[in-house]
Amino acid sequence: MSLNIEQLSPQELAALIKRANSRRKVLAKRKPAAQTKAAVAKLLKSAGWTFEELYGKASGASAAAPKKARKAAKGRSTGKVPPKYRNPANEKETWTGRGRQPRWVAAEIAKGRKLEEFLIK
């Protein structure tokens, strides 16, 4: 959060200083983080636990198991598929029928033509 104090009025600046001083008092009452961590570790040890057993990794990141690589299903081919549709305006533009429709297909369908009209025979 950035705040341009040059643009604050005297009343706004006084209110900001008051809030900052009250926040400083609250923070001053806190125990240091290292001291608190040591107290928590001591309590866990006396109960027979470790932090990792209760909360996962100490870094705070979720302890999700690493994902394994997926294998292709048996009998499933992952090779190239021959095109099923051809653009009559440009013979070089084809589509297999898989995935998102090419722009030329979507444009022709929007004009009222049927997808079957573009089938390669």
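What does the accessible surface of the chain come to, and what share of it belongs to carbon and sulfur atoms? I read off about 11,500 Å², with 56% belonging to carbon and sulfur atoms. I note that the model is a predicted one.

**Entry: the chain overall.** I looked up the secondary structure and found four helices and two strands. Read from the N terminus, the order is α-α-α-β-β-α. I then turned to burial: of the 121 residues in the chain, 8% are buried. Among contacts with a separation of 6 or more, I recorded that 22% join residues 24 or more positions apart.

**Entry: asparagine 87.** I located asparagine 87 in the loop that lies between β1 (85-86) and β2 (94-95). Is asparagine 87 buried or exposed? Its relative accessible area is 6%, and because buried means under 20%, I entered asparagine 87 as buried. Setting aside neighbours within four places in sequence, I listed Glu93 and Trp104 as residues in contact with asparagine 87. With glutamate 93 I also noted a polar contact, side chain to side chain, at 2.4 Å.

**Entry: glutamate 108.** I placed glutamate 108 in helix α4, which spans residues 103-110. Why does glutamate 108 count as buried? Its relative accessibility is 15%, and the cut-off for buried is under 20%, so I entered glutamate 108 as buried. Which residues is glutamate 108 in contact with, leaving aside its neighbours within four places in sequence? I found Arg113 and Phe118.

Conventions
Residues numbered from 1 in each chain as written. Predicted model: local features only at pLDDT ≥ 70, side-chain atom pairs only at ≥ 80, totals over all residues. Heavy atoms only, no water. Buried < 20%, exposed > 50% of the residue type's maximum accessible area, 1.4 Å probe, protein only. Contact = heavy atoms within 4.5 Å. Areas by Shrake-Rupley, 256 points an atom, 1.4 Å probe, with all protein chains shown as cover. Polar contact = N/O pair within 3.5 Å; in protein donor to acceptor, adjacent residues only side chain to side chain.
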